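Thanks for coming, everyone. Please have a look at the model on the screen, and I'll walk you through it.

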Amino acid sequence: MFKYRAFVFLISSLFCVTHALAQVDNTLSEKAQAEIKKTLASSINLEIQSVKASPFPALVEVVTKQGLFYASKDGQFLVQGKLYGIGSNDVINHTEDSLAELRIEGLKQFSDDMIVYPAKNEKHQITVFTDITCGYCRKMHKQIEQYNELGITVKYMAYPRAGVTDQLGRLSQGFKDLRSIWCHEQPNEALTKAKLGASVAQRICESPVEAEFNFGRQVGVNSTPAIIFPNGLLLPGYRQPADLLQILESINTES
């Protein structure tokens, strides 16, 4: 009985705290943003892009080159994880909502750097982080014509799974291969041949591969293929053409 009463008291206390926090003014002035940036920058090695209020009044949302974090308003505590909002009828993943916005906005800077396989009668577009050493990436690409026939345009971004550099700080072979493909005068043809198992003729140029890899990591990509939909949703893994079309149509219906 004592344990039960203690449990009820704890739950009641948490409810009161949450309710009280909900009444707190959740705005964040430019001065407060700057102070939090300064505090975090001086204590941890994160490249901070923005600080703004989060749905949870006790925390602020911190967007960095290394990903999305939450911090206390005094900058003394940092949290990495997902923030969920519990409503009367559903649970909202606030972290995923914020990341979706980052993906949509961030993809704009790479619009001219993707390798695109367009559908003749385009109905949908997807952006896919890919690597030529990935088995499911190869499987997906072998069906590229099927995706296109269903009206799905596929736009590829580079994501060398082994990273940009190895443990000794040298450029990884995966990075060099993808760089060579993106530097090719006919990148579509080069990517297709590489995914069919052909060796990659090495080329060097100013390529977007490292920037695309870093952006992918920032917005939650950690494997390939990773599909980003027009609404910013990130879906890891391979999907059959018909299944992917169903997801896209479902997203269009919801929006």
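Let's start with one term. A residue is buried when its relative accessible area is under 20%. Keep that cut-off in mind. One more thing: this is a predicted model.

Now look at helix 6, residues 173-183. Of its 11 residues, 9 are buried, so the helix is largely enclosed by the rest of the structure. Which residues of helix 6 are buried? They are Gly174, Phe175, Asp177, Leu178, Arg179, Ser180, Ile181, Trp182 and Cys183. And what do the buried residues of helix 6 pack against? Three strands and two helices: strand 7 (115-117), strand 8 (124-130), strand 9, helix 7 (187-195) and helix 8.

Let's step back to the whole chain. The protein chain has 9 helices and 11 strands. It has 255 residues, and 41% of them count as buried. Its exposed surface is about 15000 Å². Carbon and sulfur atoms supply 53% of that surface. Next, take the contacts with a separation of 6 or more. Residues 24 or more positions apart account for 62% of those.

On to the cores. The largest nonpolar core has 43 residues. Which residues have the most contacts inside this core? Ile126, Tyr156 and Ile181 do. Ile181 we have just met, among the buried residues of helix 6. The element that gives the most to this core is strand 9, residues 152-158, with 5 residues. A second, separate core has 10 residues, including Ala32, Leu40, Val60 and Val62.

Back to Ile126. Leave out residues up to four places away in sequence. Ile126 then touches Met140, then Ile152, Thr153, Val154 and Lys155. Ile126 also touches Ile227, Ile228 and Phe229, and finally Leu244 and Leu248.

Next, a pocket. The second largest pocket holds about 330 Å³ of space. It is lined by 17 residues. Which of them lie nearest its centre? Gln80, Lys82, Leu99, Gln218 and Gly220. Strand 3 (67-72), helix 3 (94-107) and helix 8 (209-218) each give two or more residues to the lining. Helix 3 has the largest share, with 4 residues. By class, the lining has 5 nonpolar, 8 polar and 4 charged residues.

Stay with helix 3 for a moment. Gly106 lies in this helix. Is Gly106 buried or exposed? Its relative accessible area is 9%, so Gly106 is buried. Now find Gly216. Along the chain, Gly106 and Gly216 are 110 residues apart. Their C-alpha atoms are separated by 9.6 Å.

Now a loop. Leu46 sits between helix 2 (30-43) and strand 1 (48-53). Why does Leu46 count as buried? Because its relative accessibility is 18%, and the cut-off is under 20%. Which residues does Leu46 touch, beyond those up to four places away in sequence? Thr64, Gln66, Phe69 and Leu78. Leu46 and Val63 are 17 residues apart along the chain, with 9.6 Å between their C-alpha atoms.

Last stop, the backbone. Most peptide bonds are trans. Which kind of peptide bond joins Thr224 and Pro225? A cis one, with omega at about -10 degrees. Pro225 is in the loop between helix 8 and strand 10 (226-228).

That's my tour. Over to you.

Note on methods:
Residues are numbered from 1 along each chain as its sequence is written. This is a predicted model: local features need pLDDT of at least 70, side-chain atom pairs count only at pLDDT 80 or more; totals for chains, interfaces and linings use all residues. Side-chain values use heavy atoms; hydrogens and water are left out. Buried means under 20% relative accessible area, exposed over 50%, partly exposed in between (1.4 Å probe, protein chains only). Contact means heavy atoms within 4.5 Å. Accessible areas come from the Shrake-Rupley method with a 1.4 Å probe; for residues, only the protein chains shown count as cover. On a 1 Å grid over the protein atoms alone, a cavity is a set of points where a 1.4 Å probe fits but cannot get out, and a pocket is an open set with protein on both sides within 12 Å along at least five of seven lines; lining residues have an atom within 4 Å of a point. Grid points are joined across faces, edges and corners, and a volume is the space filled by probe spheres set on the points. Ala, Val, Leu, Ile, Met, Phe, Trp, Tyr, Cys and Pro count as nonpolar, Asp, Glu, Lys and Arg as charged, and the others, Gly among them, as polar. A nonpolar core is a set of buried Ala, Val, Leu, Ile, Met, Phe, Trp, Tyr and Cys residues joined through side-chain atoms within 4.5 Å.
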